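Biologist: I'm new to this one and would like to know what the labels rest on. Can we go through them together?

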Amino acid sequence: MPSSAAIVASSPRSSERPARRSILPSSRAAEPAIVCRQVVKHYYYYEHRTTSLRELFRRRVLRRPLHVRQPRFALSGLDLRVGQGEGVALLGRNGSGKSTVLRLLAGIYQPTSGEIEVRGRIGTVMELGAGFHPELTGTENVHLYGAMLGLSRREVASRYERILDFAGLGDFIAMPVKYYSSGMQARLAFAVAICVDPDILLLDEVLAVGDQGFRERCMERLRRFREGGGTLVAVSHDPKGIAELCERAVWLQDGQVRMEGPTVEVAAAYAASAHGEGGG
């Protein structure tokens with residue numbers, strides 16, 4: 001990864017703070033690994049979308065808007081600080097904004113407004129197949145992923161045997177990824193993300209896929225990663241399991257932080273709330 005900071009800015013509306021995402025070197029241990037300041041992310045719900053030249057001409061003549069859309073907020077003013085070597089779990093119901101946070105941290109999405117600072121190399125394991133080209137073989141995708149992280153061919157080659165051993169795909173590593181089962185994709189994704197020696201690891205329900213033996217190997221590797229000073233941000237619907245890896249949790253609801261604190265306490269409050277809503 002380049003030693004200089006990389007900054008990406010968008011052009012938000014005048015009423016919003018400028019959006020910025022910075023990737024900084026992880027040389028200063030006192031600095032936090034991740035900082036989010038008033039991060040806003042919204043998507044658009046289209047009530048009408050102009051799709052033809054005829055309609056374009058007609059709406060121009062009638063002075064009607066080409067597209068009619070309404071913003072739907074995924075995150076509203078998120079403030080988050082993750083220290084280097086810290087483990088943070090993101091809890092919440094589906095649609096609360098957990099996966100959006102990970103995608104913003106990984107640079108897959110750009111914030112609508114606000115600032116995001118990330119210090120160090122990031123390893124990500126999102127939904128199945130994310131970051132993989134289905135037409136390329138497992139080996140080719142390993143090299144592609146390494147190049148995206150800024151690793152040289154020599155650096156990727158030095159880690160290749162570790163990746164292959166952890167994934168346990170055997171001869172399937174030479175086959176296109178589109179023929180992989182969900183478990184095989186999860187194996188390769190996790191193996192690549194953890195074996196490139198990231199400073200920060202972003203996980204989105206990766207332990208929900210795969211057999212019991214694979215999940216146990218993942219948990220053991222994650223424990224070693226944390227013991228070695230790695231920073232972990234994980235999305236999970238299993239509060240009990242994630243408490244072993246993350247000492248702090250953030251409960252998201254409707255794109256906002258509802259509660260933040262020790263994982264055990266936040267998980268208990270989240271579980272009680274979910275149980276109460278289900279019982280009502």
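Modeller: Sure, and let's begin with a term: a nonpolar core is a set of buried Ala, Val, Leu, Ile, Met, Phe, Trp, Tyr and Cys residues joined through side-chain atoms within 4.5 Å. Keep in mind that this is a predicted model.

Biologist: Which residues touch the most other members of the largest nonpolar core?

Modeller: Leu188, Phe190, Leu201, Leu203 and Leu232 do, in a core of 45 residues. Helix H5, residues 182-195, gives the most to this core, with ten residues. Apart from it lies another core, of 24 residues, with Val39, Leu80, Val101 and Leu252 among them.

Biologist: What makes Leu201 and Leu203 contacts of Leu232?

Modeller: Contact means heavy atoms within 4.5 Å. Leaving aside neighbours within four places in sequence, Leu232 is in contact with Leu201 and Leu203, and its list also includes Glu86, Phe225 and Cys246.

Biologist: Why is strand S10 called mostly covered?

Modeller: A residue counts as buried under 20% relative accessible area. Five of the six residues in S10, which spans 248-253, are buried, so the strand is mostly covered. For the whole chain of 280 residues, 44% count as buried.

Biologist: How do you know that S10 pairs with S5 and with S11?

Modeller: Pairing takes at least two bridges between two strands. S5, residues 87-91, has four bridges to S10, and S10 has six with S11, residues 256-262. Both therefore count as pairs. S5 and S10 run parallel, with Val250 as the bridge partner of Leu90. S10 and S11 are antiparallel, and there Ala249 has Gly261 as its bridge partner. S10 and S11 also form a hairpin with two residues between them, and Asp254 in the turn has a positive phi of about 55°.

Biologist: What makes S7 and S11 edge strands?

Modeller: Each pairs on one side only. They belong to an open sheet of six strands, ordered S7-S8-S9-S5-S10-S11, with mixed pairing. From one strand to the next, the twist averages 15°.

Biologist: Which strands does helix H6 lie across?

Modeller: H6, residues 212-227, lies across S5, S8 and S9, and runs at about 145° to S8.

Biologist: And how many helices and strands are there in the chain?

Modeller: Eight helices and eleven strands. Among contacts with a separation of 6 or more, 70% come from residues 24 or more positions apart.

Note on methods
Residues are numbered from 1 along each chain as its sequence is written. This is a predicted model: local features need pLDDT of at least 70, side-chain atom pairs count only at pLDDT 80 or more; totals for chains, interfaces and linings use all residues. Side-chain values use heavy atoms; hydrogens and water are left out. Buried means under 20% relative accessible area, exposed over 50%, partly exposed in between (1.4 Å probe, protein chains only). Axes are lines fitted to C-alpha atoms, for helices over the stretch in contact, and angles run from 0 to 180 degrees between N-to-C directions.
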